[in-house]
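Student: Could you take me through one part of this structure slowly? I'd like a close look at a single strand and what sits around it.

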Amino acid sequence: MNKFNLNNSYKAVVIGGSAGSFQGVVKILSQLPKGFPLPIIMCLHRLKHVRNGFVEALSIKSVVQVTEPHDKENIKKGGVYLAPANYHMSVELGHTFALSTEEMINNSRPAIDITLGTCAYVYKDKLVGILLSGANKDGALGMKHIHERGGLTLVQEPTECMIDTMPKAALAVTKIDHVLKVDQIVEFLKELDKQYR
Amino acid sequence: MLDIDIADLKRISELIYQRYNYDFRNYAMSSFKRRVLRIMELKKLSVEALLKRLTDSPVFINEFLDELTVNVTEMFRDPSFWRVMREEIIPAIMLNHKQFKIWHAGCSSGEEVLSMCIMLKEMGILQDVTLIATDLDVNILERAKAATHPIKNMELNEKNYIRFQGTGNFRDYYKEENGMAVFNKDLMMNVSFRRHDLVLGDIFNKFDLVLCRNVMIYFNQALQNEVLKKFHDSLFKYGYLAIGSKESLIWCDYANRFIVVNNEEKIYKKIKD
């Protein structure tokens with residue numbers, strides 16, 4: 001059964017989230033199939049001045065060790081990446097990360113719109129974008145970019161979100177392919193994983 | 001939605017290089033694209049209009065550079081870095097030299113050099129240190145020289161200073177005038193500001209410590225490699241180089257001429273000429 005009608009053409013998964021997304025991300029990472037074949041690129045709002053601790057907290061239950069990439073680091077299949085504190089995180093055409101200290105966007109650095117937008121540009125229709133709970137509209141424009149370039153868009157079911165501003169903002173500006181609870185997002189990723197076996 | 005393709009970005013960097021001798025051809029593409037789009041949006045210009053403006057108006061280039069270069073910074077960014085500076089790096093330099101020289105490469109609006117001066121003053125050695133702060137952008141150098149920053153930035157700067165565990169009272173270093181924090185000019189007595197282009201410029205002095213944090217992230221790897229050679233040649237043997245906390249030099253040709261002194265804060269030491 002292929003409920004989400006997936007195939008094995010995807011090259012990356014990008015996840016954005018803010019207030020109230022931590023538990024969801026932990027759940028997703030802890031139930032990720034072993035050897036999940038795609039890189040997972042995450043931009044989550046976080047305290048600007050706290051460099052340490054977040055990646056460790058996410059890694060405790062995660063199947064894969066989460067890392068904060070250095071500037072110019074190669075994106076590896078199966079790697080799980082988190083945007084570092086106080087840097088914007090972009091993806092470049094050669095499938096490397098690029099960090100920057102530009103102005104905050106939507107009051108955020110890292111800004112989800114930047115990570116999602118550059119992923120959309122690089123991966124085009126080979127991208128899955130997921131936007132979780134959050135208290136501002138960062139990420140909505142990024143989801144629009146993903147949709148416009150042919151990628152698949154998912155948001156967390158707003159009724160399940162601790163704060164639903166973020167997924168609702170995305171739903172208001174672009175077509176969202178699936179509105180899912182975190183458990184269903186996990187199911188989605190498991191089904192995606194099967195396409196590569 | 002406003003967009004620009006790589007061919008047009010290349011036309012822009014080529015034009016600026018040919019006509020004004022600024023070389024952005026090896027800048028990291030994602031941020032260069034964002035900066036150019038930002039200018040197009042701000043000035044309401046299409047790609048063709050931007051190219052025409054750059055061709056026709058030599059005055060516009062300064063404005064363009066000012067917007068293109070990233071000038072977002074804060075005082076005592078990464079307080080843990082500054083603690084390592086105060087407790088390990090500066091004392092290590094002073095073991096060998098009572099007087100020494102520091103280069104802030106790509107100093108932008110000057111928050112980092114100002115932080116350095118405050119730290120050196122609190123260490124009681126400000127008078128023994130010569131600081132040179134350089135940037136490509138003449139407008140931003142004027143702002144750095146004035147040591148005057150919006151008062152609204154002081155909340156974050158002071159928080160960083162407290163996390164750095166500065167030994168004074170942050171507010172004693174500036175006076176508030178018309179919504180601006182005007183820093184005490186004596187802090188900058190040993191700082192000289194000069195325009196310098198990291199990409200095309202020559203080596204102009206030798207230093208005990210070079211700070212270039214979060215500048216090379218805007219360059220591609222080929223250019224990072226070139227610039228690291230310049231830093232190497234600008235450092236005395238056993239001099240220190242500090243880069244941004246998420247930058248890395250491991251893929252550069254000259255990386256093996258440095259050792260890592262502090263990996264968390266990305267501080268390197270030159271060990272080979």
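Tutor: Sure, let's start with a word we'll need: a residue is buried if 20 or more other C-beta atoms lie within 10 Å of its own, exposed if 12 or fewer, and partly exposed in between, with C-beta atoms placed from the backbone. Helices (H or I, at least four residues) and strands (E, at least two) are DSSP runs, numbered from the N terminus. This is a predicted model, where local features need pLDDT of at least 70 and side-chain atom pairs count only at pLDDT 80 or more, while totals for chains, interfaces and linings use all residues. Residues are numbered from 1 along each chain as its sequence is written, and chains are lettered from A and ligands numbered from 1 in the order in which they are written.

Now find strand 2 of chain A, residues 40-44: 5 of its 5 residues are buried. A:Ile40, A:Met42 and A:Leu44 point one way, while A:Ile41 and A:Cys43 point the other. That fits a general pattern: in a regular strand the side chains alternate between the two faces of the sheet.

Next, the neighbours. Strands pair if DSSP finds at least two bridges between them. Strand 1 of chain A (residues 12-17) runs parallel to strand 2 of chain A, joined by 5 bridges, and A:Gly17 sits opposite A:Leu44. Between these two strands the chain passes through helix 1 of chain A (residues 22-30), making a right-handed β-α-β crossover; right-handed means that, with the strands pointing away from the viewer, the path from the first strand over the helix to the second runs clockwise. Strand 2 of chain A also pairs in parallel with strand 4 of chain A (residues 80-82), over 3 bridges. There, A:Met42 faces A:Leu82.
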